[in-house]
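Work through the three exercises below with the sequence and the structure in view. Try each task before reading its solution.

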Amino acid sequence: MRRIGTVHLNVKDLKKQLEFYQSTLGMQQLDEQGNAVTLGAAGLPLVTLHHTPNAQRTRGAGLYHFAVLLPSRADLGQFIQHIAEKRIPVQGASDHHVSEALYMADPEGNGIEIYRDRPEAEWGKNGQIEMTTARMDVEGVLQAAKAEPFKLLPEGTIMGHIHLHASNVPEAARYYLNTLQMEHIADYPGAQFMSYDHYHHHVAVNSWNGQGVPAHPEGLGLRSYELFTDVLPEGTVTDPSGIVLNIKPLQVAVAAP
């Protein structure tokens, strides 16, 4: 399946970040090579942390959030219960009609969405996907939660999508639509949403960090991300905002159950 793969982050405090991704997000360490540690769920890589202790965070294009997709509402409820018990700060909880999502950030400010999808048949009408932003029914999600305590992200968890600050939203959107041949799904004030295979979105680009912000700087935060697609040959490309994509062969993508 066409999808987002591993998200690569430059981090200053690797020890602190590893503690967060493992104990708070429930990821497992899968690999370590040099200054890079890869974490994921049930053997599937989701995030690679690159230790760059001298890097700085500067304003520009880059990550708004990456989004970890859980298999079910019961899994999301279990995760929210875990976050509440650990008193982990969150930034919001929304119902997007197509999904229910919790928003938070890691200790270095990288945005994270943890979400579950509603059944595709409920996404819209007459083939048109409808996305909204409303208050999540947190009580309902918690009532659906698995009874056992949260320990690890469950099997079937994947990287669902990535949302980016762009230097120029129309230019960035044209790249994803024309060069990567994604489908335009929806517009939102200052943002566009695009996907493969009529998913609600694999990539979103926004201007919420400012119109015409500098191209993606080399520093803390997003380093690159993987995209499994058959549109381009395997290799590395850079979008108009300076964000690096590692194109991976479609046949090696691990399908969601």
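## Exercise 1: Two loop residues

Task: In this predicted model, decide whether His198 is buried, partly exposed or exposed, and then treat Arg87 likewise.

Solution: His198 has a relative accessible area of 28%, and because partly exposed covers the range between 20% and 50%, that is the class to which His198 belongs. As for its place in the chain, His198 sits in the loop that runs from strand E14 (191-195) to strand E15 (203-206). Turning to Arg87, its relative accessibility is 75%, so Arg87 counts as exposed, and this residue is found in the loop between helix H2 (73-86) and strand E6 (92-95).

The backbone comes next. Most residues other than glycine have a negative phi. Arg87, however, is not a glycine and has a positive phi of about 55°, while the phi of His198 is also positive, near 60°.

## Exercise 2: Helix H1

Task: Find which residues of helix H1 (residues 14-24) are buried.

Solution: The buried residues are Leu14, Gln17, Leu18, Phe20, Tyr21 and Thr24. To read this list, recall that in an α-helix residues three or four places apart point the same way. Just after H1, Gly26 takes a positive phi of about 75°.

## Exercise 3: The largest pocket

Task: Describe the lining of the largest pocket, and say which strand gives the most to it.

Solution: The largest pocket, with a volume of about 500 Å³, is lined by 27 residues, and those nearest its centre are His65, His96, Tyr103, Thr133 and His163. By class, the lining holds twelve nonpolar, 13 polar and two charged residues. Strand E7 gives the most, with four residues.

Methods:
Residues are numbered from 1 along each chain as its sequence is written. This is a predicted model: local features need pLDDT of at least 70, side-chain atom pairs count only at pLDDT 80 or more; totals for chains, interfaces and linings use all residues. Side-chain values use heavy atoms; hydrogens and water are left out. Helices (H or I, at least four residues) and strands (E, at least two) are DSSP runs, numbered from the N terminus. Buried means under 20% relative accessible area, exposed over 50%, partly exposed in between (1.4 Å probe, protein chains only). On a 1 Å grid over the protein atoms alone, a cavity is a set of points where a 1.4 Å probe fits but cannot get out, and a pocket is an open set with protein on both sides within 12 Å along at least five of seven lines; lining residues have an atom within 4 Å of a point. Grid points are joined across faces, edges and corners, and a volume is the space filled by probe spheres set on the points. Ala, Val, Leu, Ile, Met, Phe, Trp, Tyr, Cys and Pro count as nonpolar, Asp, Glu, Lys and Arg as charged, and the others, Gly among them, as polar.
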